[in-house]
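Student: Could you take me on a close look at one part of this structure, the place where the two chains come together? I'd like to know what makes up that contact.

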There are 2 protein chains.
Amino acid sequence: MLNKTRLYDLLDFINRYCDENGFPPTVRDICKEMSIKSTATAYDYINRLKEMGLLNKTENKKRAVSVTRSDSVRVPLIGTVTAGQPIFATENYDGYYALPSAEFRGDGLFLLRVQGESMIDAGIFDGDKIVVQKQSDAENGDIVVAMFDDGISEGATVKRFYRREGKIVLHPENATMQDFVLEEESGVVILGKVVGLLRSFS
Amino acid sequence: MLNKTRLYDLLDFINRYCDENGFPPTVRDICKEMSIKSTATAYDYINRLKEMGLLNKTENKKRAVSVTRSDSVRVPLIGTVTAGQPIFATENYDGYYALPSAEFRGDGLFLLRVQGESMIDAGIFDGDKIVVQKQSDAENGDIVVAMFDDGISEGATVKRFYRREGKIVLHPENATMQDFVLEEESGVVILGKVVGLLRSFS
DNA sequence: AAAAAGTTAGAACATTTGTTTGCGTTTTTG
DNA sequence: CAAAAACGCAAACAAATGTTCTAACTTTTT
């Protein structure tokens, strides 16, 4: 049996190569890197990795290998949401962010910039970006992004969600702030559940 | 002048194609998608985009186009660091994580899992992953990862860094905890400065 | 309307690159 | 130890794909 380390080395190389160049290596590139003297050997290696399910490969195409584990998810940043005073989430499409798929998977993810201090006790600070999983309902204790229009103000906000005695409670994680208590039928819309957070100290 | 919209459509297509397949399209793939009847035309388009700096392309190579904006950085997760009791950072290489290059750039980045509550007031919670920029010095107020060996205990820890009166102060951001005060020559080693944070609510 | 510039097409060409075959060499197996 | 399997190599082949050329067509300019 061929030394498995070598196969994983190859996998690493393919990954590195893709990162650096934006496209996969050829069989001959692999030869050079791995000090393999024949393209047939490299070709073999590739097929092993394919059988092991670690590599995708389309036959007869040039540079058509790709590492199975796509290690990042592209998630759109769609605007800012205020955690304090509810202001309408600006639906600015602000480009895509790559997040590690080891942490975040599935469809319907998006990012929102957080403005305000209302979730500070939950470790969500002003300026953080939250990763939101799109869903229209939530369970008690979830941190959610919710939109409401109670006639006075409207907008999106980040709060911890509770359903209590037929009412919806949006609870800011900040000792100095009050809960929002709303009727079920008051037009509260859950946009999604907060599943992650990204912060960068400038 | 050729309709620019069409060029941007092409750029979008290349992006989409790469996302879906893990490798870039060929000139002929582009023809099909854009309803272009000649490879020469598609070839032209590619060169325009290259001149505009929106596309990288290596000559004579197959599938060797790549969209300029490389949107993610690969950062290794190298272990766990305790924010409370200093325990040695397990140098487990735990694979690479993709982080958005819009937020994190440059070399010498790594990730550490945080254990403990000592930085809770700075919004760094137990289980968070911190993004660390490798550097051997720090400025007052920086949050750093530091190693020390004072004879009693040794290990790595996350603390806010101050240099005061010839001593080094490692300040936990947790009201219930004490500062570590160390001599300059006591063998404190700054591993890096915390520049970001990644959290995923399980 | 004529000329010029820009754009597309079709075909041929040049190269890169995936794939196959057969033969030594090494390692495992009985 | 012999047979078999696994492995690696070189060379040749075939296909995919980048590149170039010239002519036709379209739009803009004079």
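Tutor: Happy to; here is a walk through the interface of chain B and chain A. This is a predicted model, in which local features need pLDDT of at least 70 and side-chain atom pairs count only at pLDDT 80 or more, while totals for chains, interfaces and linings use all residues. Residues are numbered from 1 along each chain as its sequence is written, chains are lettered from A and ligands numbered from 1 in the order in which they are written, and side-chain values use heavy atoms, with hydrogens and water left out.

Let's start with how the copies are arranged. A turn of 180° and a shift of 0.6 Å along the axis lay chain B on chain A with an RMSD of 0.8 Å (superposed by least squares on the C-alpha atoms of residues with pLDDT of at least 70 in both). The two copies are thus related as by a two-fold rotation axis.

Now the contact itself. Counting heavy atoms within 4.5 Å as contact, 39 residues of chain B touch 40 residues of chain A. Of the interface residues of chain B, 100% are also interface residues in chain A, so the copies meet through the same surface. About 3300 Å² is buried between the chains, with carbon and sulfur atoms giving 53% of that area (accessible area, 1.4 Å probe, that two parts lose on being put together, summed over both). On the chain B side, B:Arg74, B:Glu103 and B:Phe201 lose the most area to chain A, together 18% of what that side buries.

B:Glu103 has a further role in this picture: its side chain meets that of A:Lys129 in a salt bridge (2.7 Å, N to O). The term means a side-chain nitrogen of Lys or Arg within 4 Å of a carboxyl oxygen of Asp or Glu. The count between chain B and chain A is 2 salt bridges, and B:Lys129 and A:Glu103 also form one, at 2.8 Å, N to O. B:Lys129 lies in strand β6 (residues 129–134) of chain B and A:Glu103 in the loop between β4 (96–100) and β5 (109–115) of chain A, so this pair joins two chains. Strands here are DSSP runs (E, at least two residues), numbered from the N terminus.

Finally, look at strand β11 (residues 189–200) of chain A, which runs antiparallel to β11(B) and is joined to it by 5 bridges; strands pair if DSSP finds at least two bridges between them. One of the partnerships is A:Gly196 with B:Ser200.

Methods. Helices (H or I, at least four residues) and strands (E, at least two) are DSSP runs, numbered from the N terminus.
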